[in-house]
Amino acid sequence: MDRIKMEGMIEFEVVEQTPERVVSELPIQPGVLNPYGVVHGGAILWLTDVTATVLVLGPARPTEGMAGFPLSITLNANFIGTQREGKLRAVATFVKKGKMVNVVRTVVLGKNDRLLAEVTTNHVTAKSGE
């Protein structure tokens, strides 16, 4: 079997952060496109998971091996659409803000605020070294 090398780059920016909401924007570039020329579902999932994690972290900034990092334990994704160019906007809000488990709903919007994905993630707080 011939090996297939795939590579890409995902880069996004948090453009709004409050205790109850985080908004991120991902410019569509070649590194996030699938062979059909539209944004790959994995890139959308990565964007939603990281945006939700930023929400749960609050003002803290992640460091390697930190205690208290919010690990995703479940992820439920519904893909409604995708797009080829422009940018995606992810908006994360709490469904449940808990002591042990946080539940976050993140929607991904495209051009003209078209709904592209709706993702729910559950996060637990990691202890140091987990």
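These exercises work through a predicted model, each with a stepwise solution.

**Exercise 1. Strand pairing**

Task: find which strands pair with β4, and in what sense.

Solution.
- Start with β2, residues 21–27, and β4, residues 87–96. They run antiparallel and are joined by seven bridges.
- Fix the register. Pro27 stands opposite Lys87 in β4.
- Move to β5, residues 101–109. Seven bridges pair β5 with β4, again in the antiparallel sense.
- Fix that register too. Thr93 has Arg105 of β5 opposite.
- Check the connection. Four residues separate β4 from β5, and the two strands form a hairpin.
- Result: β4 pairs with β2 and with β5, antiparallel in each case.

**Exercise 2. Helix α1**

Task: compare the span of α1 with the expected value, then work out what covers its buried residues.

Solution.
- Count residues. Helix α1 covers 41–57, which gives 17 residues.
- Take the span from the first C-alpha to the last. The helix reaches 24 Å.
- Compare. At 1.5 Å a residue, 24 Å is expected, and the span is close to that.
- List burial. The buried residues include Ala43, Ile44, Leu47 and Thr48. Towards the end of the list come Val54, Leu55, Val56 and Leu57.
- Find the cover. It includes β1 (13–18), β2, β3 (70–79), β4, β5 and β6 (115–125).
- Look just past the helix. Gly58 follows α1 and has a positive phi, near 70°.

**Exercise 3. The surroundings of Thr106**

Task: decide whether Thr106 is buried or exposed, and list what it touches.

Solution.
- Place the residue. Thr106 belongs to strand β5.
- Apply the cut-off. Buried means under 20% relative accessible area. Thr106 has 0% relative accessibility, so it counts as buried.
- List contacts, leaving out residues up to four places away in sequence. Thr106 touches Thr48 and Ala52, both among the buried residues of α1.
- Continue the list. Thr106 also touches Ala90, Val91 and Ala92. Ala117, Glu118 and Val119 complete the set.

**Exercise 4. An aromatic pair**

Task: classify the geometry of the one aromatic pair in the structure.

Solution.
- Identify the rings and their geometry. The centres of Phe12 and Trp46 are 5.4 Å apart, with the planes at 80°.
- Classify. Planes over 60 degrees apart count as edge-to-face. The angle here is 80°, so the pair is edge-to-face.
- Locate the partners. Phe12 sits in the segment before β1, and Trp46 in helix α1. The pair links distant parts of the chain, 34 residues apart.
- Check exposure. Trp46 is partly exposed, at 35% relative accessible area.

**Exercise 5. Salt bridges**

Task: the structure holds five salt bridges; describe three of them, with distance and exposure.

Solution.
- Take Arg21 and Glu16. Their side chains meet at 2.9 Å, N to O. Arg21 is partly exposed at 31%, and Glu16 is partly exposed at 29%.
- Take Lys97 and Glu20. The closest N and O atoms are 3.2 Å apart. Lys97 lies in the loop between β4 and β5, and Glu20 in the loop between β1 and β2, so the pair ties together parts 77 residues apart in sequence. Glu20 is partly exposed, at 44%.
- Take Glu118 and Arg105. Their closest N and O atoms are 2.5 Å apart. Glu118 is in strand β6 and Arg105 in strand β5, 13 residues apart. Both are partly exposed: Glu118 at 26%, Arg105 at 35%.
- Cross-reference. Arg105 stands opposite Thr93, while Glu118 is one of the residues touched by Thr106.

**Exercise 6. Positive phi in a loop**

Task: examine phi and exposure for Asn112 and Asp113.

Solution.
- Recall the background. Most residues other than glycine have a negative phi.
- Read the angles. Asn112 has a positive phi, near 60°. Asp113 has a positive phi of about 60° and is not a glycine either.
- Locate them. Asn112 is in the loop between β5 and β6. Asp113 is in the loop between β5 and β6 as well.
- Separate them by exposure. Exposed means over 50%. Asn112 has 73%, so it is exposed. Asp113 has 49%, so it counts as partly exposed.

Notes:
Residues numbered from 1 in each chain as written. Heavy atoms only, no water. Pairing = 2+ DSSP bridges. Expected span 1.5 Å × (residues − 1). Buried < 20%, exposed > 50% of the residue type's maximum accessible area, 1.4 Å probe, protein only. Contact = heavy atoms within 4.5 Å. Phe/Tyr/Trp six-rings, centres within 6.5 Å; stacked < 30°, edge-to-face > 60°. Salt bridge = Lys/Arg side-chain N within 4 Å of Asp/Glu carboxyl O.
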